[in-house]
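This report looks at one helix and the nonpolar core around it. The sequence and the model are shown first.

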Amino acid sequence: MRKIEHIGIAVKDLEVSNLIFEKLFGAPPYKSEEVASEGVKTSFFQSGPNKIELLEATNEDSPIAKFIEKKGEGIHHIAFDVEDIVAETQRLLEEGFVVLNEIPKKGADNKLVVFLHPKSTNGVLIELCQEIQ
């Protein structure tokens, strides 16, 4: 893992949250998109080298809707940038981590993503990200 790629925050209302974070960072999101396969709309903010992803559920069955129902709004995941997502996933499986999707899938912000189950990472959902070339 090379660096923290972003921190994901689950929100109930993306428009309202965008305004809050726009005031916080002094700039609008640099990117917004919907990832239909995950049932989510996202916005990305950048502050120096750091990125924040806001996530709003687009349906009640999405992982974000379920997260907010159980825990409320707040930090949902920490994403790490990796050079080779397939090799890193295999390494982590061999180390005993529980991987939610062994085959990388397309995520937001032009990334391939794999998630590690929080039960194997001290209660934190970890996302591995690799830039799609």
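In this predicted model, helix H2 spans residues 63–71, and its residues Ile64, Ala65, Phe67 and Ile68 are buried. These four lie on the same side of H2, because they cover an arc of only 160° around the axis. The spacing fits a general rule: an α-helix has 3.6 residues a turn, so residues three or four places apart point the same way. Glu69 and Lys70 are exposed and sit on the face of H2 turned away from its buried side. Just after the helix, glycine 72 has a positive phi of about 85°.

The buried residues of H2 pack against four strands, listed here with their residue ranges.

| Strand | Residues |
|---|---|
| S1 | 3–10 |
| S3 | 40–47 |
| S4 | 50–57 |
| S5 | 74–81 |

Which residues make up the largest nonpolar core? There are nine in all: Ala10, Val35, Val40, Phe44, Leu55, Ile64, Phe67, Ile68 and Ala108. S3 and H2 are the elements that give two or more residues to this core. H2 gives the most, with three residues.

Leucine 55, one of the core residues, has contacts with residues more than four places away in sequence. These are Gly8, Ile9, Ala10, Val11, Val40, Lys41, Thr42, Ile64 and His77. Among them, Ala10, Val40 and Ile64 also belong to the largest core.

A second core of eight residues is separate from this one, and its members include Val82, Val114, Ile126 and Leu128.

Conventions: Residues are numbered from 1 along each chain as its sequence is written. This is a predicted model: local features need pLDDT of at least 70, side-chain atom pairs count only at pLDDT 80 or more; totals for chains, interfaces and linings use all residues. Side-chain values use heavy atoms; hydrogens and water are left out. Buried means under 20% relative accessible area, exposed over 50%, partly exposed in between (1.4 Å probe, protein chains only). The arc is that of the directions from the helix axis to the C-beta atoms. Contact means heavy atoms within 4.5 Å. A nonpolar core is a set of buried Ala, Val, Leu, Ile, Met, Phe, Trp, Tyr and Cys residues joined through side-chain atoms within 4.5 Å.
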